[in-house]
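Thanks for coming. I will take a few minutes to walk through one structure, and I will put it on the screen now.

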Amino acid sequence: MPSVGPLPQSFFARSALDVARDLIGCSFFVAGVGGRIVETEAYRQHDPCCHAYNGRTERNAVLFGPPGHLYVYFTYGMHFCANTACEEEGTGAGVLLRALEPATGLELMTARRGVEQPRLLASGPARLAQALGIGRAHNGLPVWEPPLALCPRPAGAPAPEVVTTARIGVRGGDQRPWRFVDARSAFLSRPLTRTPILPGG
DNA sequence: CTATAGATAATCT
DNA sequence: GATTATCTATAGG
C-alpha cells in the first residue's frame, strides 16, 4: 500500500542536498493553500552562503533545531522566506523553498500577491511566502502538522526531471550546484535558459 | 530581451 | 553603520 500521509521527520534528517532534490515534485500547503514544489536550494552549515555559517543566533536558531521544522526569515526590509531545517539536531542546515506551481487556493494567493498571472504567484522565495501567507508566526512549526502540510509526490505521478544550477542571489556568486529545479516547470523563479546547468549536486 | 535603482527594516559587526 | 538566500518598475538595446 502506498503511503498517503505527510513526509515524516526522518525525510529531513538527511543531507540538505538530498532533501532539496527529493522535495522537487512534492506538495507544500499552508492552511490548505499551496501547490507542487518546483524549485529548492540547499544550504549547509559550513557553506559561507548559509545563514548558519557564523554560528547559532536568535534568528537562525530553527536551523540548528530538529529537522523538518520551518525556518522563516525576514530580509530586505519587506520579504519573508521559508526553509525546512535539515540534518541532525545541532547542525545548521536547511532547504529554501524557492518556487511552486499553484494548485489550491488560487483566489487567496492572487489576492495576497496582488497579481493576476499564475506564473507570478509563487515563483520566487518571497513570492511563495507571501502567496501562502507565511510570516513570523510560522517560524519553528513542524511541516507535518497543521497548518502546514508537506506531501510526497502522488503514486502514479511521473517523476520530475531534476536539474541543478548555481544558487541565486548568494553572496560571492558562489557556484556550488545546490539549486534544484524541475526542468520542465514553467513556474521557476528564473528560467533554466538563464541559469546554466551544472554537473553534480 | 537585459540592466539597474529603489524600496525598507531586522540583523549583525 | 553595513549588509541582505528579493521584488517591482522602469529605462535601454
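Let me start with a single residue: E39 counts as buried because its relative accessibility is 0%. Buried here means under 20% relative accessible area, exposed means over 50%, and partly exposed is in between, with a 1.4 Å probe and protein chains only.

Before going on, some housekeeping. This is a predicted model, in which local features need pLDDT of at least 70 and side-chain atom pairs count only at pLDDT 80 or more, while totals for chains, interfaces and linings use all residues. Residues are numbered from 1 along each chain as its sequence is written, chains are lettered from A and ligands numbered from 1 in the order in which they are written, and side-chain values use heavy atoms, with hydrogens and water left out.

Back to E39. Which residue forms a salt bridge with E39 at 2.7 Å? That partner is R98. By salt bridge I mean a side-chain nitrogen of Lys or Arg within 4 Å of a carboxyl oxygen of Asp or Glu. E39 sits in strand β2 and R98 in strand β5, 59 residues apart, so to speak of distant parts of the chain being linked is fair. Helices (H or I, at least four residues) and strands (E, at least two) are DSSP runs, numbered from the N terminus. Both members of this pair, E39 and R98, are buried.

E39 has another salt bridge, this one with the side chain of R179, at 2.9 Å from N to O. R179 lies in strand β8, residues 179–182, and E39 in strand β2, so this pair ties together parts that are 140 residues apart in sequence. R179 also counts as buried, at 0% relative accessibility. Taken as a network of salt bridges, the linked residues are E39, E41, R98 and R179. The count of salt bridges comes to 11. One of them joins the side chains of D174 and R176, at 3.4 Å from N to O. Here D174 is buried, with a relative accessible area of 14%, whereas R176 is partly exposed, at 29%. As a general point, side chains of opposite charge can pair when their charged atoms come close.

Next, the nonpolar interior. A nonpolar core, as I use the term, is a set of buried Ala, Val, Leu, Ile, Met, Phe, Trp, Tyr and Cys residues joined through side-chain atoms within 4.5 Å. How many residues does the largest one have? It has 37, and those with the most contacts inside it are F12, L23, F28, L132, I134 and L150. The elements that give two or more residues to this core are α1 (16–23), β1 (27–30), β2 (33–43), β3, β5, α3 and β6 (148–151). The largest share, five residues, comes from α1. There is also a second, separate core of 12 residues, which includes C50, V62, L63 and C81. In soluble globular proteins, nonpolar side chains tend to be buried together.

Take F28 as an example from the largest core. Contact means heavy atoms within 4.5 Å. Leaving aside neighbours within four places in sequence, F28 is in contact with several residues, including V33, I37, L70, L97, L132 and L150. S27 is found in strand β1 and is buried, with a relative accessible area of 16%. With the same neighbours left aside, S27 is in contact with G35, R36, I37, A149, L150 and C151.

Now the DNA, starting with strand C. A residue is near a strand if one of its heavy atoms lies within 4 Å of that strand. Of the 19 residues around DNA strand C, H51, Y76, N83, R113 and R127 come nearest. By class, these surface residues divide into nine nonpolar, six polar and four charged. For that split, Ala, Val, Leu, Ile, Met, Phe, Trp, Tyr, Cys and Pro count as nonpolar, Asp, Glu, Lys and Arg as charged, and the others, Gly among them, as polar.

A polar contact is a pair of N or O atoms within 3.5 Å; within protein, one must be able to donate a hydrogen and the other to accept it, and residues adjacent in sequence count only if both atoms are side-chain atoms. R98, from the salt-bridge network, has a polar side-chain atom 3.3 Å from a phosphate oxygen of DNA strand C. For R171, an N or O atom in the side chain is 3.0 Å from a phosphate oxygen of DNA strand C. Y73 has a polar side-chain atom 3.3 Å from a base nitrogen of DNA strand C. The elements that give two or more residues to this surface are β3 (70–75), β4 (79–85), β5 (94–104) and α3 (125–132). Of these, α3 gives the most, with three residues.

Last, DNA strand B. The residues around it are T57, R59, F74, Y76, G77, M78, R136 and R194. Sugar and phosphate account for 62% of the atoms of DNA strand B that come within 4 Å of the protein. An N or O atom in the side chain of T57 is 2.4 Å from a phosphate oxygen of DNA strand B. Y76 has a backbone N or O atom 2.4 Å from a base oxygen of DNA strand B, and G77 has one 3.3 Å from a base nitrogen of that strand.
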